[in-house]
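Notebook open, structure loaded. I'm jotting down what I looked up, in the order I got to it.

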Amino acid sequence: MVVPPTPENLERAAQIIRSGGLVAFPTETVYGLGANALDATAAAKIFAAKERPGFDPLIVHVSDRAMLQQVVREVPAMAEKLMARFWPGPLTLVLPRSERVPGIVTSGLPTVAVRMPAHPVALELIRRAGVPIAAPSANPFGYLSPTRAEHVERMLGKRVDLILDGGRTAYGVESTIVLLAERPVLLRYGAITVEALEEMVGSLELQVGETQKPLVPGQLPQHYAPRTPIRIAPPESIPQEARKQSGYLAFRDVPKGFKVVKVLSPTGNMLEAAAHLFEALHQLDRLGLEAIYAEPVPEEGLGRAIMDRLRRASSTSQTSSEP
C-alpha cells in the first residue's frame, strides 16, 4: 500500500518496523526497503523480498549519534571529520561493527556500512521507530533502483507492508561508500563526489572494481540492470537499422533514428543527469524495446557514479555480445 508521509502514516510505518515488518521509504538518493537493523528475522525479510543473496551486506540508517553508537564499536577521527561535513547526507561509512548488529545485516563481516540520510521522511521514520533501519534499495536484487514510490509498488508490490510516498528522490543515485582503514578507501561511487571527499581527507584509495564477494552493496559485476539489454555506445557508432527498435539514453543532445530517446539533462548538468538516470531507464525498460543504448558521460564529479551504474547495468549484455 502506498501512502503519503503524514504523521499518522509515519507512526504506522514506525510500528511496522518495530514489529519486524518491511517499510519502503524515500531517502535523498533512492527509495529504501527498511527493517529493524537489530532484528535478524526482520533483516531476513529484506533478503527474501528482494531475492538478494546473503553475501551482499546491507546499509544501516541512523537518525542521530546516539543511534550510531548502537551499531558501531568506535568512530575514528577521520569518520568524525567526514560526518561533520557530509551527515546527514548521501555518504555511507564502513566502520567496526557493534555486536548488537546481527551477522545477517553485515554478511558476517566485522564491519557495518552506516549512514544518516538527509531526507526528512527517512529521518522521521527512523526517529519514530527508535531503532536503526537496515535498508538497501527497494527493488528486486540486481534491478534498477527506484526513485519514485510507484517504482517500488510495481517491482515489489505486496512483499512490502507499507510504502511511504515522498515523491521523486533528489539525487537519483545511491550514496557514496567509504571504508575507514589506515587510509580512506572508496568502495562505491555515489552522490558525494570523489573531489568533495578528497578536499576533506586527501587522496582516496579506489576499490570500486567488480568483486563476487562484496564488502558493501553495489560491488557485484552486474547490478542496477533493466530487463531490456543495455549497451554503452555513442550514437554515431550505432547502425541505422539497430536504431529502429531501440531506445537511446542521451546525456544532453537528441540523436536521430531511434524509436525513443530520453535525455538526462538538456543543459549538460551532471546533478540533473544523475537525478534522472534510473527514472529514464525505468521508462525505457517498459516500452518493449529490443535494446537500450546509453551515451557515455564525462567521468568527472557525479559522472563517475553515472558511468559506474551504466557499466554494471550493461555487464551481462555487453559480456555476452562481445568476443
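**Entry 1, the hairpin.** I started with E9 and E10, which form a hairpin with 3 residues between them. This is a predicted model, so I'm reading everything here as a prediction. E9 covers residues 176-180, and E10 covers residues 184-188. The two strands run antiparallel, joined by 4 bridges. I looked for what stands opposite Leu179 in E10, and found Val185.

**Entry 2, the other neighbour of E9.** Next I checked E5, residues 91-96. E5 pairs with E9 too, this time in the parallel sense, again over 4 bridges. Which residue of E9 is the bridge partner of Val94? I found Leu179 there. So I have Leu179 down twice, as the bridge partner of Val94 and opposite Val185.

**Entry 3, burial of E9.** Why is E9 largely enclosed by the rest of the structure? I went through the strand, and 5 of its 5 residues are buried, so the enclosure follows from that. The cut-off I used for buried is under 20% relative accessible area. Then I sorted the side chains by direction. Thr176, Val178 and Leu180 point one way from E9, while Ile177 and Leu179 point the other way. In a regular strand the side chains alternate between the two faces of the sheet. Both sets in E9 are buried.

**Entry 4, a cis bond.** I went back to the stretch before E5. Pro88 sits in the loop between helix H4 (77-86) and E5. The peptide bond leading into Pro88 from Trp87 is cis, and I noted omega near -10 degrees.

**Entry 5, positive phi.** I picked out two residues other than glycine with a positive phi. Glu51 has phi near 55 degrees, and Ser107 also comes out near 55 degrees. Glu51 belongs to the loop between helix H2 (40-50) and strand E4 (59-61). For Ser107, the loop is the one between helix H5 (103-106) and strand E6 (111-115). Are they buried or exposed? Glu51 is exposed, at a relative accessible area of 59%. Ser107 is partly exposed, with 23%.

**Entry 6, a buried loop serine.** My last stop was Ser265, in the loop between strand E14 (260-263) and helix H10 (270-285). I got 0% relative accessibility for Ser265, so I put it down as buried. What does Ser265 touch, leaving out residues up to four places away in sequence? My list reads Phe251, Arg252, Glu272 and Ala273.

Key. Residues numbered from 1 in each chain as written. Predicted model: local features only at pLDDT ≥ 70, side-chain atom pairs only at ≥ 80, totals over all residues. Heavy atoms only, no water. Buried < 20%, exposed > 50% of the residue type's maximum accessible area, 1.4 Å probe, protein only. Pairing = 2+ DSSP bridges. Contact = heavy atoms within 4.5 Å.
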